[in-house]
Amino acid sequence: MTDQSPGRAPLEDIALFLRRLQWTALGVGACWLLWVLAPVLTPFVVAAMLGWLGDPLVDRIERTGRSRNTAVTLVFALMALLVVLILLILVPLIERQITTLIVSLPAYRTWFTDTAIPWLEQRTGFQISVWLDLNHMIELVRSNWERAGGIATTLLGYLSRSGFALIAMVANIALLPVLTFFFLRDWDKLVERVASLIPRAYLSTVSRLAKESNDVLGAFLRGQFLVMLALGVMYGVGLWGVGLDLGILIGIIAGLLTFVPYLGPASGIILGVIAALVQYGDWKHVLGVLAVFGVGQVVESYWLTPKLVGDRIGLHPVAVIFAVLAGGQLFGFLGMLLALPVAAVVNVLLRYAQERYTHSRLYAGDQAAVPLEPALAPAGADAAERESKQ
């Protein structure tokens with residue numbers, strides 16, 4: 001063991017503590033700046049996420065021999081086409097489904113008051129109709145739907161009177177495609193510039209954590225979005241084939257809720273069974289609804305999720321819900337956009353911290369622990385630990 005004065009270890013510990021304090025202060029300052037600039041940053045964050053999602057496809061096209069600008073133009077045109085198609089297909093479809101729902105509300109009210117509530121009262125012994133004025137609730141919902149046009153007109157009038165708010169909204173909408181194009185074009189350069197600012201001693205560790213975060217987030221967002229889209233189409237077409245007037249709307253709702261296990265199919269089954277009983281009143285169509293969701297669950301469990309998402313996620317559904325709610329509470333709409341990326345990064349950092357802990361002397365004691373890979377050992381390790389290894 002080399003000669004070292006006893007006073008060097010405390011000095012190095014103080015230096016390490018000061019470095020960590022600097023990183024903590026930098027993180028706190030970034031969060032404060034994010035909170036202050038949240039209204040302005042929203043289009044930039046949305047464009048950055050779209051650029052990140054489209055960058056792998058741009059790189060793949062670029063590897064075929066085309067220029068970066070050509071690849072970016074092709075991907076940008078594809079993304080714009082998808083947005084236009086979604087708006088042209090889904091908006092009129094959902095509008096018709098909501099109109100059908102409003103027209104069908106009296107039938108649902110009659111079924112609940114004359115069939116569902118008496119059946120529940122007979123089997124549970126609770127007088128539900130005494131404390132639940134269902135007629136008033138349904139009429140309230142229907143009147144609010146009918147006043148939606150008036151509410152929209154009032155909101156539009158307010159925005160038109162508030163010139164700054166209207167200008168800001170139009171500017172954000174106009175900026176989004178422009179920013180998305182530039183993020184797609186310059187994404188690799190931005191990554192290289194950020195990597196050039198990382199201290200060289202920590203570059204390998206940060207690169208590994210960044211790659212893991214990118215894999216986790218990419219698998220979750222791209223894979224789960226495709227699963228939600230596939231199941232939404234499958235449920236909607238299946239329920240429409242069964243004959244439900246509201247089948248497409250129920251399928252869309254069930255598909256959107258698929259990111260939480262069991263919540264999507266459970267909500268779809270409940271809504272689908274109620275719609276089948278109200279519309280037809282027989283068990284044949286109820287069995288058809290159950291068959292649609294049964295086939296959907298088999299396809300999701302044995303093909304869609306393993307093929308599109310895989311087992312690399314590590315994001316528990318409770319963590320996803322908490323992240324979205326906490327981000328919305330702290331930073332508004334911008335926080336909801338950043339919730340999943342931040343949750344994925346935090347999840348990777350926690351796994352890395354657990355790995356470091358299980359290889360530390362605090363966990364293993366004086367027994368020899370499995371050493372970390374050289375690329376993962378930070379340059380600022382504790383002096384005492386370095387002394388013990390010498």
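**Exercise 1. Span and bending of helix 3**

Task: In this predicted model, compare the end-to-end distance of helix 3 with that of a straight helix, and locate the bend.

Solution.
1. Helix 3 contains 57 residues. At 1.5 Å a residue, a straight helix would reach 84 Å.
2. In the model the end C-alpha atoms of helix 3 are only 67 Å apart, which is short of that value.
3. A bend of about 45 degrees is found at Ser104 in helix 3. The proline Pro106 follows within four residues.
4. After helix 3 comes Gly125, with a positive phi near 85 degrees.

**Exercise 2. Span and kink of helix 2**

Task: Repeat the analysis for helix 2, and state which residue carries the kink.

Solution.
1. Helix 2 has 26 residues, with an expected span of 38 Å at 1.5 Å a residue.
2. The distance from the first C-alpha of helix 2 to the last is 37 Å, close to the expected span.
3. Helix 2 nevertheless has a kink of about 40 degrees, placed at Gly54. The proline Pro56 comes shortly after this residue.
4. Gly65, just after helix 2, has a positive phi of about 115 degrees.

**Exercise 3. The salt bridge between Arg68 and Asp55**

Task: Describe the salt bridge of Arg68 and Asp55, and place it in its network.

Solution.
1. The closest N and O atoms of Arg68 and Asp55 are 3.0 Å apart, and the two residues form a salt bridge.
2. Arg68 belongs to helix 3 and Asp55 to helix 2, which spans residues 38-63. The partners are 13 residues apart.
3. Both partners, Arg68 and Asp55, are buried.
4. A network of salt bridges links Arg68 and Asp55 with Asp59, Glu62 and Asp188.
5. The structure as a whole holds eight salt bridges.

**Exercise 4. Two further salt bridges**

Task: For the pairs Asp186 with Arg185 and Glu355 with Arg208, give the N to O distance. Then classify the accessibility of Asp186, Arg185, Glu355 and Arg208.

Solution.
1. In the salt bridge between Asp186 and Arg185, the closest N and O atoms are 3.1 Å apart.
2. Buried means under 20% relative accessible area, and partly exposed begins above that range and runs up to 50%.
3. Asp186 has a relative accessible area of 18% and is therefore buried. Arg185, at 31%, is partly exposed.
4. In the salt bridge between Glu355 and Arg208, the closest N and O atoms are 2.8 Å apart.
5. Glu355 is in helix 12 (residues 317-358) and Arg208 is in helix 8, so this salt bridge ties together parts 147 residues apart in sequence.
6. Glu355 is partly exposed at 21% relative accessibility. Arg208 is partly exposed as well, at 24%.

**Exercise 5. Aromatic pairs**

Task: Classify the ring pairs Phe181 with Phe182 and Tyr235 with Phe293.

Solution.
1. The structure holds five aromatic pairs.
2. The ring centres of Phe181 and Phe182 are 5.9 Å apart and the planes stand at 80 degrees, so the pair is edge-to-face.
3. Phe181 is partly exposed at 24% relative accessibility, and Phe182 is partly exposed at 38%.
4. For Tyr235 and Phe293 the ring centres are 4.5 Å apart and the planes at 35 degrees, so this pair is tilted.
5. Tyr235 lies in helix 8 and Phe293 in helix 11, 58 residues apart.
6. Tyr235 is buried at 0% relative accessibility, and Phe293 is buried at 1%.
7. Phe181 and Phe182 also belong to a cluster, linked by ring pairs, that includes Phe76.

**Exercise 6. Nonpolar cores**

Task: Identify the residues that touch the most other members of the largest nonpolar core, and list the contacts of Leu244.

Solution.
1. The largest nonpolar core has 22 residues. Tyr235, Leu239, Leu244, Val289 and Phe293 touch the most other members.
2. Helices 3, 8, 9, 10 and 11 each give two or more residues to this core.
3. Leaving out residues up to four places away in sequence, Leu244 touches Leu239, Gly272, Ala275, Ala276, Gln279, Tyr280 and Val289.
4. Another core, of 16 residues, lies apart from the largest one. Leu209, Phe220, Leu340 and Tyr352 are among its members.

Conventions: Residues numbered from 1 in each chain as written. Predicted model: local features only at pLDDT ≥ 70, side-chain atom pairs only at ≥ 80, totals over all residues. Heavy atoms only, no water. Core = buried A, V, L, I, M, F, W, Y, C linked by side-chain atoms within 4.5 Å. Buried < 20%, exposed > 50% of the residue type's maximum accessible area, 1.4 Å probe, protein only. Contact = heavy atoms within 4.5 Å. Salt bridge = Lys/Arg side-chain N within 4 Å of Asp/Glu carboxyl O. Expected span 1.5 Å × (residues − 1). Bend = angle between axes of the 7 residues up to and from the residue. Phe/Tyr/Trp six-rings, centres within 6.5 Å; stacked < 30°, edge-to-face > 60°.
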